[in-house]
Amino acid sequence: MRDGYALRAADLAQLPATLQVIGEIKAGASPQDMPREIREGQAAAIMTGAPAPNGADAVVMVEYTSLRGNEVTITRGIASGDNIVPAGSEARKGQKLLDLGTRIDYRAIGIAASVGKPRLSVFHRPRVAIVATGDELVEVGEHTGPNEIRNSNSYSLAAQVEDAGGVPVLPGIARDEVGELRAALHNAFQSDLVLLTGGVSMGKYDLVEQVLADIGAEFFFTGAQIQPGRPVVFGRAQEKYFFGLPGNPISTMVTFELFARPMLEALSGMRPAALHFVHARLKSEVKTKTGLTRFLPGLLSGEFENSQVELAGWHGSGDVAVMGRSNCYIVIPPNREKIAAGEWVAVLM
Ligand code: AMP
Ligand code: MG
């Protein structure tokens, strides 16, 4: 594990100790390039990554030695086994190093590479249809009239889907009209998972649930006690799962993270990961109404035990610009009306 001298730890009982250097062992050395055995009173210069020679049971770091001719003087004692990793101590032949359902991320790739697995069997990436709904929507590159809104949800969702390991399929915008929604759904349900945005609130033209019901959808929930994202809908139709995500951009983003991401992970053959929260002290007081768990855009700063978080300040769940000046969501439990500055709060990254 270290550049230094391979020796017998027992030879360092009396310090300083002077040993005879009988060779040098480089990383990758083959047996014929190594001293056959380190005997009492002997040492071999050795480099990190080199095999330990027979007879040696420890390596002293070069920092604690001085070399004169072929004699090395050592000023620090050492225990048997120090700075030598026995073969097979990290893992043994046949041992399972990655569980089924592990995302092949940089850690998994490092492990696979180190055990000589250049090819791995994986699940296919689920295809996720993203259908934006709304008469007011126009595509990003198009001219926008005074009362129109650019479709941002399709693209923020596509990025979230890719981040979660899915392949986004973007059929475009469906108008708030039963026939058009039905046609869009017919297409969308060719994919492995369907995400709709908009049209799940209480408005007269929020037709998504009605059209889903018409095609025989089963609803698991229609609403959650959260803000943003309260109208979120989850169900199954034509043997595929779907989410009706509220149209306000921040609601869309939050509900994807809370509900759709774990589903996408499951469809990718993963064990869905639990949501991970960090904790930080509130920089200034937060006041909300009780009843809903809130995920409020926040700004987390500081490091280590000095993490602080504050509200980014927003004009509600339609205020997509807040995402440019926030880096997390502050989680406010439903029973809290007021949280004082200095209190610890949960933060969703
Ligand atoms: P809805 O859920 O359809 O009532 O929409 C709520 C709000 O989100 C409205 O202000 C919509 O204009 C807006 N909205 C809906 N869909 C999108 C979208 N794809 N991109 C950006 N804003 C949207
Ligand atoms: Mg709408």
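## Glu-148 and the ligand 1 shell

Glu-148 sits in the loop that links strand E8 (137-138) to E9. Keep in mind that this is a predicted model. How open is Glu-148, as a relative accessible area? The value is 35%, and because buried would need under 20% and exposed over 50%, Glu-148 counts as partly exposed.

As for its surroundings, Glu-148 is in contact with Glu-136, Val-138 and His-143, once neighbours within four places in sequence are set aside. Its side chain also gets to the backbone nitrogen of Gly-145, at a distance of 2.6 Å. Asp-135 is 13 residues away from Glu-148 along the chain, and the C-alpha atoms of the two are 8.4 Å apart.

Now for the ligand. There are 17 residues around ligand 1, and the ones that come nearest are Glu-136, Asn-151, Ser-152, Gly-199 and Gly-247. Glu-136 is thus on that list and is also one of the contacts of Glu-148. By class, the shell around ligand 1 has ten polar residues, four nonpolar ones and three charged ones.

Which backbone atoms does ligand 1 meet through its own nitrogen and oxygen atoms? Here are three such pairs:

| Residue | Protein side | Ligand 1 side | Distance |
|---|---|---|---|
| Gly-199 | polar backbone atom | oxygen atom | 2.8 Å |
| Gly-247 | polar backbone atom | oxygen atom | 3.0 Å |
| Asn-153 | backbone N or O atom | nitrogen atom | 3.3 Å |

On its own, ligand 1 has 490 Å² of accessible area, and the protein covers 81% of that. Two elements give two or more residues each to the shell: strand E7 (127-133) and strand E9 (149-150). E9 is also the strand at one end of the loop that holds Glu-148.

Zooming out, the protein has 349 residues and a radius of gyration of 31 Å, whereas a compact globule of that many residues would come in near 20 Å. The C-alpha trace spans about 90 × 50 × 40 Å along its principal axes. In secondary structure terms, you get 22 strands and five helices.

How much of the protein counts as buried? That's 40% of the 349 residues. The exposed surface comes to about 19500 Å², with 51% of it supplied by carbon and sulfur atoms. Finally, take the contacts with a separation of 6 or more: residues 24 or more positions apart make up 64% of them.

Methods: Residues are numbered from 1 along each chain as its sequence is written. Chains are lettered from A and ligands numbered from 1 in the order in which they are written. This is a predicted model: local features need pLDDT of at least 70, side-chain atom pairs count only at pLDDT 80 or more; totals for chains, interfaces and linings use all residues. Side-chain values use heavy atoms; hydrogens and water are left out. A residue is near a molecule or strand if one of its heavy atoms lies within 4 Å of it. A polar contact is a pair of N or O atoms within 3.5 Å; within protein, one must be able to donate a hydrogen and the other to accept it, and residues adjacent in sequence count only if both atoms are side-chain atoms. Accessible areas come from the Shrake-Rupley method with a 1.4 Å probe; for residues, only the protein chains shown count as cover. Helices (H or I, at least four residues) and strands (E, at least two) are DSSP runs, numbered from the N terminus. Ala, Val, Leu, Ile, Met, Phe, Trp, Tyr, Cys and Pro count as nonpolar, Asp, Glu, Lys and Arg as charged, and the others, Gly among them, as polar. The radius of gyration is taken over C-alpha atoms; the globule rule is 2.2 Å times the number of residues to the power 0.38. Buried means under 20% relative accessible area, exposed over 50%, partly exposed in between (1.4 Å probe, protein chains only). Contact means heavy atoms within 4.5 Å.
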